[in-house]
Amino acid sequence: MNLDIAHYMLMAAPRKEKENNSGISFSGNGKGAYREILDRVLLQNRTRILEFNSKPSAPTEEIFPEIFFGSPSNHRRPLKNKRYIPQSAERILDAPNLEDDFYLNLLDWGKRNILAIALGNSVYLWDASVGSAFELVTFDDHVGPVSSVSWAPDGKNIALGLSNSFVQLWDVTSNRPLRTLEGIHQSRVGTLAWNGGILTTGGMDGNIVNNDVRIRSHVVQKYRGHHMEVCGLKWSGSGEKLASGGNDNLVHVWDCSMASSNTTSNQSQWLHRFEEHTGAVKALAWCPFQRNLLATGGGESDGCLRFWNTDIGNCLSSVDTSSQVSGLVWSKNERELLSSHGLPHNNLALWRYPSMEKLVELNGHFSRVLCMSQSPDGCRVASAAGDETLRLWKIYETSTVKKATGKGASTTPFASFSAFTTIR
């Protein structure tokens with residue numbers, strides 16, 4: 001880029017044949033030799049202005065080491081492809097007779113890729129792996145409607161909470177009832193949660209009961225702290241802590257070792273009691289990548305998402321969604337949280353944690369979303385709403401988790417549902 005040298009090379013006359021004379025002179029035969037020496041001194045034997053035949057030598061030091069990139073390695077970081085999240089449901093299914101009751105838990109997606117939903121007095125199962133569906137059971141009016149459903153960890157058995165205070169266990173592989181748990185609650189059982197062989201039940205009477213389904217005398221422990229209906233239960237991933245939410249706007253965190261084995265006791269000691277919500281707390285979710293982190297969501301008069309450190313019992317942060325929170329699901333693939341909402345938004349929202357940046361809203365329901373459940377591979381969620389529809393949403397790609405499909409399975413999940421009517 002030396003302009004003087006460049007000008008010389010561009011304007012110099014074509015070189016004549018070199019002469020053997022080595023003397024330096026301005027005339028005669030010495031003119032060629034003089035030009036050759038001048039080339040060596042000024043041009044250092046360069047023959048082109050820009051040389052492309054070989055790579056330039058590496059610089060000894062960076063001139064602007066951190067001005068543009070912040071650190072020397074940042075410019076080598078590969079760009080991450082922007083994720084596309086469909087904002088419309090993959091499938092919309094008719095769900096007649098779905099109870100429009102915020103406090104019930106009527107939807108659950110099991111480990112074996114079977115979706116269970118309670119519609120009035122009946123429970124239907126949809127096997128996404130083979131594309132088949134069937135009615136599991138229909139109860140009489142004096143027993144139903146079904147108020148809660150929850151798959152056992154093995155995905156073979158399912159627990160059904162009933163409005164007459166009973167809980168039934170069913171084996172779906174043989175399509176037969178295993179046992180009926182009686183004498184647990186005084187009224188309907190609106191929420192269920194499994195912890196190994198222990199089935200925890202929450203009732204309208206405000207009681208929480210641990211039932212060991214493997215033994216005859218199944219009631220083994222009780223948790224007392226709510227004075228209104230218990231509408232949310234979730235065990236932590238370790239199985240050591242239980243979170244409960246109720247219509248009394250309270251959230252309790254229980255240590256399994258603190259439960260009372262005395263069934264006549266009037267009080268149990270909770271590990272933490274959170275009173276910040278101003279609405280019923282149904283939505284509870286333990287974080288899969290931070291064992292002590294619990295997310296909770298409040299009802300219509302609250303509408304807040306709150307995040308708790310359950311080791312020390314303090315609120316880490318909160319976000320006002322301006323809408324009733326009916327469900328929470330942590331992503332299995334990303335540090336993200338999905339929330340379902342009732343009035344007034346009636347939608348789903350995906351949040352990035354911990355910044356709580358709202359990534360996308362999933363709209364389509366015409367009434368409040370009552371329940372939400374995640375597929376076993378974590379790529380999809382199902383939402384059921386008061387508009388009597390069940391909507392299936394694709395949130396993540398399947399590349400990160402191997403998808404379980406059976407022989408002859410449809411390539412499109414939920415391609416047909418004989419129990420439900422596909423309306424879109």
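In this predicted model, Cys304 has Asp320 as its bridge partner in strand S21. That pairing belongs to a longer match: strand S20 and strand S21 (residues 314-320) run antiparallel and are joined by six bridges. The two strands make up a hairpin with four residues between them, and in the turn Gly313 shows a positive phi of about 80 degrees.

S20 also has a partner in strand S19 (residues 293-298), again antiparallel, this time over five bridges. Here Leu294 sits opposite Trp308 of S20. S19 and S20 form a hairpin as well, with five residues between the strands, and Gly303 takes a positive phi near 70 degrees in it.

So how enclosed is S20 itself? Six of the six residues of this strand (residues 304-309) are buried, so it is largely enclosed by the rest of the structure. In a regular strand, side chains alternate between the two faces of the sheet. In S20, Cys304, Arg306 and Trp308 point one way, while Leu305, Phe307 and Asn309 point the other way, and all of them are buried.

Phe307 leads on to the aromatic residues, since ring pairs link it with Phe289, Trp330 and Tyr353 into a cluster. The structure holds nine aromatic pairs. A pair of aromatic rings is described by the distance of the centres and the angle of the planes. Take Tyr223 and Trp254: their rings are 5.2 Å apart, centre to centre, with 55 degrees between the planes, which makes a tilted pair. This pair links distant parts of the chain, with Tyr223 in strand S13 (residues 219-224) and Trp254 in strand S16 (residues 251-255), 31 residues apart. Tyr223 counts as buried because its relative accessibility is 0%, and Trp254 is buried too, with a relative accessible area of 0%.

Back in the cluster, Trp330 and Tyr353 have ring centres 5.4 Å apart and planes at 85 degrees, so this pair is edge-to-face. Trp330 lies in strand S22 (residues 325-330), whereas Tyr353 is in the loop between strand S24 (348-352) and strand S25 (357-362), so the pair ties together parts 23 residues apart in sequence. Both rings belong to residues tucked away from the surface: Trp330 counts as buried at 5% relative accessibility, and Tyr353 does so at 11%. A ring also meets a charge elsewhere, as Lys282 lies over the face of Phe102, at 5.3 Å from the ring centre.

Another part of the chain holds an open sheet of four strands, in the order S6-S7-S8-S9 with antiparallel pairing. Its edges are strand S6 (146-151) and strand S9 (176-181), each of which pairs on one side only. On average, neighbouring strands in this sheet are turned by 25 degrees against each other, direction ignored. S6 runs antiparallel to strand S7 (residues 157-162), and five bridges join the two. Within that match, Val146 has Leu162 in S7 as its bridge partner.

As for the whole protein chain, it contains two helices and 29 strands. Of its 424 residues, 49% count as buried. Among contacts between residues at least 6 apart in sequence, 49% join residues at least 24 apart. The accessible surface comes to about 21,900 Å², and 49% of it belongs to carbon and sulfur atoms.

Notes: Residues numbered from 1 in each chain as written. Heavy atoms only, no water. Buried < 20%, exposed > 50% of the residue type's maximum accessible area, 1.4 Å probe, protein only. Contact = heavy atoms within 4.5 Å. Areas by Shrake-Rupley, 256 points an atom, 1.4 Å probe, with all protein chains shown as cover. Pairing = 2+ DSSP bridges. Axes fitted to C-alpha atoms, helices over the stretch in contact; angles between N-to-C directions. Phe/Tyr/Trp six-rings, centres within 6.5 Å; stacked < 30°, edge-to-face > 60°. Lys NZ or Arg CZ within 6 Å of the ring centre and 35° of its normal.
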